[in-house]
Amino acid sequence: MSELPLFHAQGLTKRFGGFVALDSVDFEVGAGERVGLIGPNGSGKSTLVGCASGSLRNDGGAVWFKDRRIDRLLPHQRVRAGLVRSFQLPRPFRGLTVAENLRVPLVFAGRQGRAQDAIDDALEFVGLAARREAMPQDLTQVDLRKLDLARATVAKPQLLFVDEAMAGLSHSEVDEIIALMMRMNERGVAIVMIEHIMRAVTAFSQRLVVLVAGRKIADGDPEQVLANVEVQRAYLGE
Amino acid sequence: MSAFFRFLGLAIIAACALFAAMRAVGNDYVFYAGYTVLEYVVLACAWNILGGYVGYVNFGVAAFLALGAYTGVALGRIAPVPLPVMMLAGGVVAGLVGLGTGYLTLRLRGIFFAIATLALAVVLQTLITNWDFVGGSAGVYAIRPKHVPIFGSYIQYMVFLMLTLAVVVVAVSRAIETSGLGLGFVAIRDDEVAAEATGVPTLRLKLIATALSGAFMGMAGAPLPYYLTFLEPSSAFNLTYAVNSIAMPLIGGTTMWFGPVLGALLLGTAQQVITVTISSEVNLLIVGLLLIGFVVLAPQGLIGLLGLTGKRRSA
Amino acid sequence: MVSFDLLANAVVSGVLLGGFYAGVAAGATISFGLLDIANIAHPAFVVFGAYGAFVLGQRFGLDPLVAALFVVPVFYLAGLAVHQVYHRAFERRGDDSMRGLAFFFGLMFVGEVVLILLFGVDYRYTSAAYASTSIKIGPVALPLRQLIPFLGALVILAAAQLFLSRTFIGRAILGVAQDATAIRLMGADPVRLKRIAFAISIALAGAAGALLLVLEPVEPAIGREFIGRVFAIAVLGGMGSLPGTWIAAVMLGVIENLTSIFAGASWAPAVSFGFLLLTLAVRPSGLFGR
């Protein structure tokens, strides 16, 4: 029990001007865990991802990853440590082919040596092997999502924050992405899923965390959390 | 690596052939015109390392060029230094200034860097204008040595140096394109936030590009006093350098080294002809219109129109 | 020793000059600060406005201030056209701030060359009588050629501020600057709003150009001197705030004038740019930033 979690944020606080986006939030993720992070719009989910991944600087509290304090590291340094994220909208490098997109993280993780194998493996894994020489503009929405996930995980991170990877996808496509994330998790990646599609969150998460107005109001077993009165009020009140 | 040396070999052979052809014409005017064209090959490729590969606009081309030129002048006032040494020194100074400017502004959005480079040009021009040691506003004469061994005339010697520099810049550009560095540059250009989230050390890469780009411009500037024989701030800081160095890569195409080279050769040569046959104002008008036309209608430039852009190899 | 009179005159003339700079920068504050369009050619449009006023004065004997009334609508239309091209070629493709910058840079350069081809490089000036008159208050001189642009710029800024804060379209433009999707949800077309705002910024440049002709003789490349000032002011003023623009512009005018007196006129051009470099390095959100 004394073992430290993989990721651990304590008293995390972030303000934008006078607006408190995150108010002293504690948040942890264990190795290989699947966590769902939900909350109404503007509740601070994306801010939390930003503070964890380094695109935002927290104003208070601390963030640890693998026993190391990381909240003053630059984003690329956190990536190198093994903490990655994906974005709400797919953000491929449009001037590069699918395979080259995956090459970028490998080159800068210093794993250029076996890059080809890693790329082949990742493309096979997400089901984009046939599109390896395609340009991003020629991919479908769901394929772009897969490319984003493949690029995030090709350098074998331990923790992945997925910020709404399923918005705008069809029912079957959502299933496809959930299945893909499950398989990524089986390979040992801890995943935090930020999502509005409740069906996806409940199917995926082992644990559920709820943010409302920058505060954590629930954290625990998904069924119990969803039965929580406060959580229901937060969602009904939306 | 062997592909790189094969490319370098071909570039050197092409450069030798060009130099031999210019000598065969036997007219010094060819060398004077050729120097300007080659200077623009260097400036266009140098601009493209930051502007084309990374996507950051430098409006201060003249500032970096002038830094090289005045570094040479200042050195020459202290001790008789050979021109290649002046070029290296000019490159170091311009590279460091590029690094400094980049360090101050590259954390901000790209537009602020662009405006800062405009600012840099004016601040430097003011400093030089008020610095009497290098001639100040009155300008300074640069006396060419009468005789140069092997080359015969000084202009041929300068063309040789500029040609060498052009080969180096092109080879470096190509090396960047085929390396991990170039991959990181493209990632930054396409989406800087995503690049950072993919592990690309964006600030460091941008600083490398700024320093390299500035250094090559500075090196190209060092022979300028000897080319003009009289250097004054208004000619060294002429906006035309910036317009041409931006127009040439954008017209040629910015994704690979061939774009700026093609743009500089075509536009540079055409300008020599137009300036002589019509007028320098019409010449500048044409450059400006071509620049606007290409960025609006043909964002891939000539190499895009010719179908030469070629996807990057992933192998 | 610098006398008190000299100092007082320098400060007053700096304030007048700075007030005029605010008029030049007002349009850029809208295009750059609110719309995120870095129109490097903004000062070039100011110079076009000055030449427009000059031609109207030559042909029809119009006073520059009257000429401004004709320049403004023409420039508004030109602004609509420029934004149309800019939006289609760059904004909509969404990929390329680099080419957008090069586009405006090209516009500036072409404009300059066209002016040289049409008018030559000689200085052009207005024959308006007040250009050589001056009011004296104690030891301080208020030359009308400075006072009128100062007041004219105040009118420009006040009109722009009233438009943005009081009219429906103005508020919608401010809304677009904050959040384009929210505006779309309200049923307004953000592209159209941006186009109108950009056209207004160009119209303001035209008006400022007429004032420039009152202030000093113009030549085709004079706009370059204003690039640094305009962006320094827009950034210092806090990106999109017109009152901030005025304060920043007056500060700059005073500092420039004092620099000219204490260090020599040849140092003045570096002031605004040096200021800008410092601001960018130390406080990117501007002195009066949000």
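Tutor: Start with how a helix angle is read. Axes are lines fitted to C-alpha atoms, and angles run from 0 to 180 degrees between N-to-C directions. Keep in mind that this is a predicted model.

Student: Why are α2(C) and α3(C) called oblique to each other?

Tutor: Take the value. Helix α2 (residues 42–60) of chain C and helix α3 (residues 64–91) of chain C cross at roughly 135°. Their axes come within 9 Å. Now the cut-offs: 65 to 115 degrees is roughly perpendicular, and over 145 is roughly antiparallel. An angle of roughly 135° fits neither range, so α2(C) and α3(C) count as oblique. Their crossing is right-handed.

Student: What makes the contact there?

Tutor: From α2(C) come C:F45, C:F48, C:G49, C:G52, C:A53 and C:L56. From α3(C) come C:P64, C:A67, C:F70, C:V71, C:F75 and C:V82.

Student: How do the residues of the contact of α2(C) with α3(C) divide?

Tutor: There are 10 nonpolar, two polar and no charged. Gly counts as polar, so C:G49 and C:G52 belong to the polar group.

Student: Why are α3(C) and α4(C) called roughly antiparallel?

Tutor: Again, value against cut-off. The axes of α3(C) and helix α4 (residues 97–119) of chain C cross at roughly 150° and come within 10 Å. The label needs an angle over 145 degrees. The pair therefore counts as roughly antiparallel. This crossing, too, is right-handed. Here C:V82, C:V85, C:Y86 and C:F90 of α3(C) meet C:R99, C:G100, C:F103, C:F104 and C:L107 of α4(C). They divide into seven nonpolar, one polar and one charged. Arg counts as charged, so the charged residue is C:R99.

Student: Which helices pack in chain B at about 145°?

Tutor: Helix α4 (residues 83–105) of chain B packs against helix α9 (residues 202–221) of chain B, with their axes 7 Å apart. The crossing is right-handed. Among the contact residues are B:G90, B:G91 and B:A94 of α4(B) and B:A211, B:G214 and B:A215 of α9(B). The contact holds nine nonpolar, eight polar and no charged residues.

Student: How do you know that chain A and chain C do not touch?

Tutor: Contact means heavy atoms within 4.5 Å. No contact is found between chain A and chain C, and their nearest C-alpha atoms are 8 Å apart.

Student: Which chains share the most contacts?

Tutor: Chains B and C do, among the two pairs that touch. Chain C gives 39 residues and chain B gives 39. The area buried between them is about 3,600 Å², with 84% from carbon and sulfur atoms. In chain C, the most area is lost by C:M98, C:F105 and C:F109, together 19% of what that side buries.

Student: What makes up the contact of chain A with chain B?

Tutor: It takes 23 residues from each of these chains. About 2,100 Å² is buried, 65% of it from carbon and sulfur atoms. On the chain A side, A:H76, A:F93 and A:F108 lose the most, together 28%.

Student: How do you know where chain B is less certain?

Tutor: Use pLDDT, the predictor's confidence from 0 to 100. Chain B has a mean of 90. Among its elements, helix α5 (residues 110–129) of chain B is lowest, at a mean of 86, and α9(B) is highest, at 96. Residues 311–315 of chain B fall below 50. Where pLDDT is low, the predicted coordinates should not be read in detail.

Methods: Residues numbered from 1 in each chain as written. Chains lettered and ligands numbered in written order. Predicted model: local features only at pLDDT ≥ 70, side-chain atom pairs only at ≥ 80, totals over all residues. Heavy atoms only, no water. Helix = DSSP H or I, 4+ residues; strand = E, 2+ residues; numbered from the N terminus. Parallel < 35°, antiparallel > 145°, perpendicular 65-115°, else oblique. Left-handed = near helix turned anticlockwise from the far one by under 90°. Buried area = accessible area lost by both parts, 1.4 Å probe.
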